[in-house]
Amino acid sequence: MNFVEELRWRGMLHDIMPGTEEKLNSGVIAGYIGFDPTADSLHVGHLTQIMTLIHFQKAGHKPYALVGGATGMVGDPSGKSEERNLLSADILNHNQACIKAQLEKFLDFGCGANSAEMVNNYDWFKEFSFLDFIRDVGKHLTVNYMMAKDSVKKRLEGDSGLSFTEFSYQLIQGYDFYYLWKHKGCFLQMGGSDQWGNIVTGTELIRRKDRGEAFALTTQLIKKTDGTKFGKTESGAVWLDPARTSPYKFYQFWLNASDDDAKNWIRIFTLKSKEELEALDAEHAAAPNLRVLQKALAKDITIRVHSEADYETAIKSSEFLFGNGSIDFLTGMSDDNLLGIFDGIEQFNISKEELSAGINIVDLLGDKAKVFPSKSEAKKMIQGGGVSLNKAKVGGVEEVINHSSLINNKFIVAQKGKKNYYLLIVE
RNA sequence: GGGGAGGUUCCAGAGCGGUCAAAUGGGACGGACUGUAAAUCCGUUACUUCGGUUUCGAAGGUUCGAAUCCUUCUCUCCCCA
């Protein structure tokens, strides 16, 4: 199956420039996707692009992953309703290095003709002077053309304005495409559907400047069926960096997908074949409460992004925390094993002296251990019946906690709502 | 440079001298129901030693009393030059 067909049946394809498919079928084609270093880790929102590159390479083409050292300095207005703050050079350097390391996990950089390659647009922009740029690049596109882009139009219509810096972003990205086309034989740029305008600026630049031909392909923006934003949890974005989002939380994120979402996402974020997926669909439909789809999805991605071992740990934690395992399960367990289960779950340290005197539950969770940002909030949540200690609901705000709550003389398991666990370590 | 409109609690957006910790909607969080799903219903949504304390762009001022009136400053948007 060719690349475009693959994306199509998986529901990933959004838009494709006429002729792209023919070009791809003509042989090994080089294509690229850019990642801007706005943070020092990618998040699950980037995963679609990563999967696109993986499919691209699997189909025999040559993928380039571009890290936007230069574009990151400018800021893409696409999809942003307000002017963005510029990042400092130091932060950008750090971010670039981290993102590069993450991307290296997903593609094959040593397989001959279609080995993946990493490039950084800062390399060709650092020596490019402003005057040269506006003469060599800016001259080929009219402002009229640039203003017609949705990303720009929205900002002009809105009431927060658009700086010249962000306005020129599309030219920078357009030039990237030109550069890669000219020097690396890169014929295709891919990206999320919000990148269509930027990508087309590139093909247009190639056409006008060198009468060359280049192509564009965009993928669907991943949404949840309930219309809310994909990739967010109560604690923010879901990152690929285990230091930002632990493998356990990462696993939980996917496991919590709704049935509809799981069905769509498993097609996008795993490499499972059509047959496998249909079998899973059927299995899920027969017994939805087993959540076969969610489990398969979470397993596949957790292993790809983290590791088999991280997946195993996440499973163990999940089974204990969400299974009907009673708190007794922990009793007598070695500290190391217990901490293993709580690996990736937020932990707080409490001194033994404080506890031995007895601590009011609100002081404990709202102050000593910041399970809640303030005591008021802790109080409200307890009154609302949303807090448990060692899997038993906290009765009221007057409860005093002391030694008797300790598990193995050292731990207390706190729960905010059903899904949020915290481990208090007393020593 | 000239003229106009504005900056309110996470967001949008009311309030226009006391009854305002501030309507309403959204979001978020929690509860019930479930399958750690969806839908639905309900509750919470500044801090607190529960006496109070700090909030409505900033600083002053008027008043018994201001988010609401006045002054200056500041930021944003729009129109004109």
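Which residue has a side-chain N or O atom 3.1 Å from a phosphate oxygen of RNA strand B? That's Ser-374.

Okay, some ground rules before we go on. This is a predicted model, where local features need pLDDT of at least 70 and side-chain atom pairs count only at pLDDT 80 or more, while totals for chains, interfaces and linings use all residues. Residues are numbered from 1 along each chain as its sequence is written, chains are lettered from A and ligands numbered from 1 in the order in which they are written, and side-chain values use heavy atoms, with hydrogens and water left out.

Let's stay with the RNA. There are 32 residues around strand B, and the closest are Asn-256, Ser-258, Asp-259, Ser-376 and Lys-418. By "near" I'm talking about a residue with a heavy atom within 4 Å of the strand. Looking at the RNA atoms within 4 Å of the protein, 63% are sugar or phosphate, and the rest belong to bases.

Now for two other side chains. An N or O atom of Asn-256 sits 2.5 Å from a sugar or linking oxygen of RNA strand B, and one of Gln-252 is 2.8 Å from a base oxygen.

Which elements give two or more residues to this surface? They're helix H13 (247-255), helix H17 (308-322) and helix H21 (375-383); helices here are DSSP runs of H or I, at least four residues, numbered from the N terminus. H21 gives the largest share, 6 residues.

Okay, on to the rings. The structure holds 26 aromatic pairs, meaning Phe, Tyr or Trp rings (the six-membered one for Trp) with centres within 6.5 Å; planes under 30 degrees apart are stacked, over 60 edge-to-face, the rest tilted. Phe-253 and Trp-265 are stacked, 6.3 Å centre to centre with 15° between the planes. That pair links distant parts of the chain, with Phe-253 in H13 and Trp-265 in helix H14 (residues 259-269), 12 residues apart. Trp-254 meets Trp-265 too, but edge-to-face, at 5.9 Å and 85°.

Are these rings buried or exposed? Both Phe-253 and Trp-265 are buried, which means under 20% relative accessible area, computed with a 1.4 Å probe on protein chains only. Trp-254 counts as buried because its relative accessibility is 0%.

Last thing: Arg-244 lies over the face of Trp-239, 4.2 Å from the ring centre. For Arg, that "over" needs CZ within 6 Å of the ring centre and within 35 degrees of the ring normal.

Terms used
A polar contact is a pair of N or O atoms within 3.5 Å; within protein, one must be able to donate a hydrogen and the other to accept it, and residues adjacent in sequence count only if both atoms are side-chain atoms. Buried means under 20% relative accessible area, exposed over 50%, partly exposed in between (1.4 Å probe, protein chains only).
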